[in-house]
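Visitor: I'd like to know how the labels people put on a structure get decided. Can you walk me through one?

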Amino acid sequence: MERLAFYFDSRNCSGCKTCQVACKDKNDLAIGTLWRRVYEVSGGDWEQKGNAWLPHIYAYNISLSCNHCEEPICMKNCPSSAIKKREDGIVTIDQSICLGCKYCSWVCPYGAPQFNEEKGVMGKCDLCIDYVDQGKNPSCVDACPTRSLDFGEYSELVEKYGEKEHIYPLPNPEITRPSLVINPHKDADMDKKMNPEVVNMEEVKHA
Amino acid sequence: MERRKFIKVGALGYGGIIAGKSLLAKLMTSAQIKKLASTFSGDERMVRVGCPSHNCGGRCLLKVYVKEGVITRIETDDRPGDDISDPQLRACIRGRGYRPRQNHADRLKYPMKRVGKRGEGNFERISWDEATDLMAKNINRIKEKYGNEALYIPYGTGGYNQTCGKWPADRLLNLYGGALGYYNSYSWACINLATPTVYGTRVTGNQRQDWLNCKYILMWGWNPAELRDGTNTEYFLRKARENGAKLVCIDPRMTMSAVSLADEWIPIRPGTDMAMMSAMVYVLITEDLLDKHFIAKYCIGFDETQMPEGFEKEESYKEYILGIRDHHPKTPEWAEEITGIPKETITRIAREYANTKPAMLYQGYGMQRRAYGEQVVRGGCVLAAITANVGISGGWASGIALQADDGGPFWNVFPTLKNPVKAKIPCFLWSEAVIRGKGMGAEDGVTGVDRLSTDIKMIWAVASNAIINQHGNINRSIEIIKDESKVEFFVVQDNFLTATAQFADLLLPACTQFETWGMEDGWKYGDELILQPQILETPWETKSDYAICAAIAEKLGIEEEYTQGRDEKQWIEHLIGVYKSSRFPDIPTLAEMEESNVGVYSLPVTEPKVAFVDFRKDPEKYPLQTESGKIEIFSKQLFEKNNPAEIPAVPKYIQEWESPFGAETEKFPLQVIGPHYMPRVHSTHDNNNWLSEAFPQRIFINEIDAKTRKVKDGDLVKVYNDRGAVILPCRITRRIMPGVISIPQGAWWKPDKDGNDLGGSINTLTSERWTPMAFGNAQHTIMAEAIKFKA
């Protein structure tokens, strides 16, 4: 069976975080837990020329959840085998087995698994597995006011939107082979850009 | 914003619109409807309901799941066929994140009256019987002693659907002799009054589907991605861009819209937009890029050959631009010094706008909430006119741009009735009417009477935080409100103990919009009506705004007249009938809408309407409603105000009363702007922790200004001027022009013991001074200094 995946269009994402809050609402997440979150990236510098200002700067957003990787490094490193991958690629955490050791959160390069203080176990995006089983889209996808998120089989998304690209600040996709197809923002060309950085760290930090 | 009474009821033409004949204009199959109507089994039910109206620019649809009387989940519009003619009304973060507000522990639960001095914030619980007695007694006492003109229901939009918020209170007082009225709004005072000085109407906007026909879009101070200036506006712009339009964003901030919608961002110093517009016109004149034929046929006052009779010797617009009389040609070099935009950029944008047809110059409202906000409105309209972008598909006339051809959504069908009091004040001058109302006249914008007969003596703020938090100069407003000899009775009716409510003599606890019946149509754009069924019990001792007013009506002995025997739901049924007889002839009944659980009735737009089509076709046969019948670049009406320095007859750049160019910069070198912020609708949702987690309230400062002040990201920063001080953590950002800081408006004022505002309300710093022509708020015109705060 073909693996399921997210598509994210960075070109049109305004960074409104409706996806983040739709996820929070669907999954009843506590403050400090963000199974989907939006990174604001910017870089460049201002130049003063006489009394005028030239903005050699750029900014874009990355909305990110668990990428349900083809090679889930979290699963490999889970000492209690609580992390499982379904035939359709959905990676889940069985909270009845999870020890809450946080190994998965240390190894995941995307910050997807997050500790649930109340239950003492890990949690993360499960692609709204209940919705998927009902034939519906994950909550975040249908939430997006700019229609910048999509969901489907990985190969279909690649066919529809093109191959994914390496986009800052995401790690090299070869590490875990994420099920994520991204259309980069016009200003996200890594070769040409100066000093990109995530500038909203306080908004994306999580437990 | 102004709520307009709809005038053309019964005379609506729907030519060009394919009106939906079925319940679902999207032509869903019956199976699809059935699927939509199905609710979850067991004890959880799902209801489609309009997102509570708080005067953001959106009107969206929610799917709300309720279990055991509590909302468990909120989703959004899922109608099939999400296409451009009738896109899904997808809610943003403010709707999807509604649960913390709805379930908040701090909800006002019982009527309360003040204990101790006004503003100390101490209250005791009372019964509704005592509360409504207090209301009736005070209304009667003040009415007898000072007259109805002493009663005032201020501007406020915390509850803003068809039947909640201030409308029921207006109806009540209008049935009881009336109250002092107001005009204008805190949103668009200048644009509302200045647009008709050019065009004779406010209906200057094409339907948004027409944006797909546009080739060049100047988003001037316009940030719909964050505001939601109409649900789906950002989506229509995305589609226009995919269709080949170039989008350029001119704004002091690299806004969410600049990042997600624009091909280019041009930072501009706040309050200098008219300098850039004037220089663009200079380029058009000197490079012969104007549409001379259009100007000759459709405009007056552009040059000396077309001045109105009797005004031939006055300064024409062209003379102003070329500096014939003032010896200051409005060149791009001149504008570069003022705007901070390189002259080459100004020239290029002028050429692009003139040469790419059709083009759209959309004016945001922030730049007209400034010192001479009237000018930029007229300036934008004139640019659209002299490039002949008026009256054509893909073009845009600028101005306030209500939707063609009928002005768009109804906005107000609940009968608030005629106010027997004729006197009106500009809403931003309420504090003036408190401290010196008696005798105020036309020089203060008073209309309907020569002079006010009394000061305001009772304020009943319904769903309004605009007395303390949202009005200019909080520390001044507090001194005025605290004086119990001025406003003798101050009532606040709301969901929470807001900054305004802390000063109340009487607190009336209103329920939320999920806890009663309501209905909303589009905000500025759209052709839909969204139902708001009651989905939760009315909790504790809260009541709907309508039920509160009905209870007061009973004490005043006018209950029958007031209610007409209707409860909230029966009013909705009645009002759907009003729509049926006017704007939506095919709308289903309330019972049918409830049964289907579709939540929304919408009309797809396949042939979007274009404003001024008839005028463009034949200006003789279809003249504008201006005095000349033409587009008035020179305004006789404004000339006759006899204040050329502040209200010129042609649109001009005027240096603001606080600006980076005056002596004030020695003490206060930074411009401060208070934009709309994604997590709030004005001050609503400030206490919502899901939303403040996503977007905390911060002082946004450019890295260059931060560096000279030795401020690091996250440091506590104090921003202050002579009116007050705000202390907040800062966010260092590249996305704002150097010399400008941003403190998003709407955060709740929370003073420390020294009076510093730790909540971060921009109005701690703003001024109560109003604009010269519209008497509008100029709250974005402020200067301040920022320093690293050390406790």
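Visitor: What makes the radius of gyration of chain B agree with a compact globule?
Guide: The radius is taken over C-alpha atoms, and the globule rule is 2.2 Å times the number of residues to the power 0.38. With 791 residues that rule lands near 28 Å, and chain B has 26 Å, so the two agree. The C-alpha atoms of chain B fill a box of roughly 70 × 65 × 55 Å along the principal axes.

Visitor: How far should I trust all this?
Guide: This is a predicted model, where local features need pLDDT of at least 70 and side-chain atom pairs count only at pLDDT 80 or more, while totals for chains, interfaces and linings use all residues. Residues are numbered from 1 along each chain as its sequence is written, with chains lettered from A and ligands numbered from 1 in the order in which they are written.

Visitor: What share of chain B is called buried?
Guide: Buried means 20 or more other C-beta atoms within 10 Å of a residue's own (exposed is 12 or fewer, partly exposed in between; C-beta atoms are placed from the backbone). Of the 791 residues in chain B, 61% count as buried.

Visitor: Which strands are at the edges of the sheet E10-E9-E8-E12 in chain B, and why?
Guide: Strands (E, at least two residues) and helices (H or I, at least four) are DSSP runs numbered from the N terminus, and two strands pair if DSSP finds at least two bridges between them. This open sheet has four strands with parallel pairing. Strand E10 (264-266) and strand E12 (359-363) of chain B each have a single partner strand, so one side of each is left without a neighbour in the sheet.

Visitor: How do you know that E8 and E9 of chain B pair?
Guide: Just count: E8 (216-220) and E9 (246-250) of chain B share five bridges in the parallel sense, against the required two. One of the matches puts Ile217(B) with Leu247(B) in E9(B).

Visitor: What about E2 and E3 of chain B: parallel or antiparallel?
Guide: Antiparallel, with six bridges between E2 (61-67) and E3 of chain B. There, Tyr65(B) stands opposite Arg73(B) in E3(B).

Visitor: How many residues of each chain count as touching the other?
Guide: Contact means C-beta atoms, placed from the backbone, within 7 Å. By that test, 36 residues of chain A are in contact with 40 residues of chain B. E3(A) gives the most to chain A's side, with eight residues.

How values were computed: Contact = placed C-beta atoms within 7 Å.
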